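Please look over the sequence and the model shown here, and then follow the paragraphs below from one helix to a cavity and on to two side chains.

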Amino acid sequence: MAALDLASQSIRVSNPNPRVGCTIVSPEGQTIGEGHTQQAGGHHAEVMALSDAQTRGLSVVGATVNVTLEPCSHHGRTPPCCDALIRAQVGKVMVATVDPNPLVAGRGIARLREAGIEVVLLPVDDSVARASRELNIGFFSRMTRQIPWVRMKVASSLDGTTALANGTSQWITGEKARIDGQSWRARSCAVITGIGTVLEDDPMLDVRFVETPRQPHLVVVDSQLKMPLHARLFQPTSNGLKRQILVYHACADSDKQLALQEKSVVLVNSPESAAGRNKVDLQLLLQDLAHREVNEVLLEAGHGLNGSFVKEGLVDEFLVYLAPKWLGKGSGMSNFGPIDKLEDGVQLQFRSTETLGDDLRILARVAGRDAFLNG
């Protein structure tokens, strides 16, 4: 389905909306309209395709619409796409997969059929249907699990060292791997890091080197509000786009809170977690991010916070960049463990491997974690 290729063009654009593509084919078999979902508040894929056909001066009456996700049937930031298709008098709509949003969830298909439009829903195990759900794994996660999809990014030597004993970590991997990491950052709704990383590395954690119409939110886990007011992350992003900075904490410091609020920081006071006193509850953090319409999260932190996410079973996928270096003792990927039995380890499934310059990128998913995509 060509609409799937169009949907992929929404990857850095449509958050928090799903990535959707649409084509319109005339009764004679000619493609007369194409489109993909725009930024939040902008047109959805179906309306973009209808507009494209109109710009070409072509009629869509009786045409077949191919769309990668069920057309919406509710008023959100934009009017329902179902209504636009009905008004256009299209003849048939091919839908790759049902929208998991409870406000839609089959209602779009029902409304089209009630209007006399033929609707064909692809089988759940169809390759295009599966690819559409995979493309929107974060959106499906938020709608079905009420938490974002969490992807942990790590760059290390072949023996798992992410920083030398003296703290040196830039740059273990090469330029191609670093640029690739930026593309994964750009597709995310939010980047999560810990106060340890802020204090040690003073990073910006914004999207650089790749084009993006938006910057992901920056989330800092800072239980004791140690955030320095001069941190680089408060500086303008590399492309000048604004981003929301959220700090999750578990203490009361009215002076520091006021100072951070003056920097437009969103402060979220988290209850104590089961992990111990005065710690941010990471499960509640993810639930709160879901309420803020965050679909995909990229965890870019040190071994401490990484280990906490792994221990609590909150990492869904591991994005690992391995450099052809052997660095010996230093910081590792996470402080998970020690465990007593091999079966207590996190069971993973390799999704892909790719060489980037001299480095190797591995994408591994927690086994069974994506079961919600099976329909």
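Which residues are buried in helix α10 (residues 282-291)? They are L282, L285, L286, D288, L289 and A290, where buried means under 20% relative accessible area with a 1.4 Å probe and protein chains only. An α-helix has 3.6 residues a turn, so residues three or four places apart point the same way. Helices here are DSSP runs of H or I with at least four residues, strands are runs of E with at least two, and both are numbered from the N terminus. At the start of α10, the backbone nitrogen of Q283 has a side-chain oxygen of D281 within 3.1 Å, and after the helix comes E293, with a positive phi near 65°.

The model is a predicted one, in which local features need pLDDT of at least 70 and side-chain atom pairs count only at pLDDT 80 or more, while totals for chains, interfaces and linings use all residues. Residues are numbered from 1 along each chain as its sequence is written, and side-chain values use heavy atoms, with hydrogens and water left out.

Turning to enclosed space, a cavity is a set of points, on a 1 Å grid over the protein atoms alone, where a 1.4 Å probe fits but cannot get out, and its lining residues have an atom within 4 Å of a point. The count comes to one cavity of 30 Å³ or more, and the largest cavity has a volume of about 40 Å³, a volume being the space filled by probe spheres set on the points. Its lining consists of N15, N17, P18, R19, L135, N136, I137, G138, F139, N295 and E296, and helix α6 (residues 137-145) gives the most to this lining, with three residues.

R187, which lies in helix α7 (residues 175-187), counts as buried because its relative accessibility is 13%. Leaving aside residues up to four places away in sequence, R187 touches I11, R12, N15, R19, L135, R151 and E296, where contact means heavy atoms within 4.5 Å. Among the residues that line the largest cavity are N15, R19, L135 and E296.

E300 lies in the loop between β14 (296-299) and α11 (303-311), and with a relative accessible area of 9% it is buried. Its C-alpha atom is separated by 6.4 Å from that of M152, although the two residues are 148 residues apart along the chain. The side chain of E300 makes a polar contact with the side chain of R185 at 2.8 Å, a polar contact being a pair of N or O atoms within 3.5 Å, of which, within protein, one must be able to donate a hydrogen and the other to accept it, and residues adjacent in sequence count only if both atoms are side-chain atoms.

Methods
On a 1 Å grid over the protein atoms alone, a cavity is a set of points where a 1.4 Å probe fits but cannot get out, and a pocket is an open set with protein on both sides within 12 Å along at least five of seven lines; lining residues have an atom within 4 Å of a point. Buried means under 20% relative accessible area, exposed over 50%, partly exposed in between (1.4 Å probe, protein chains only).
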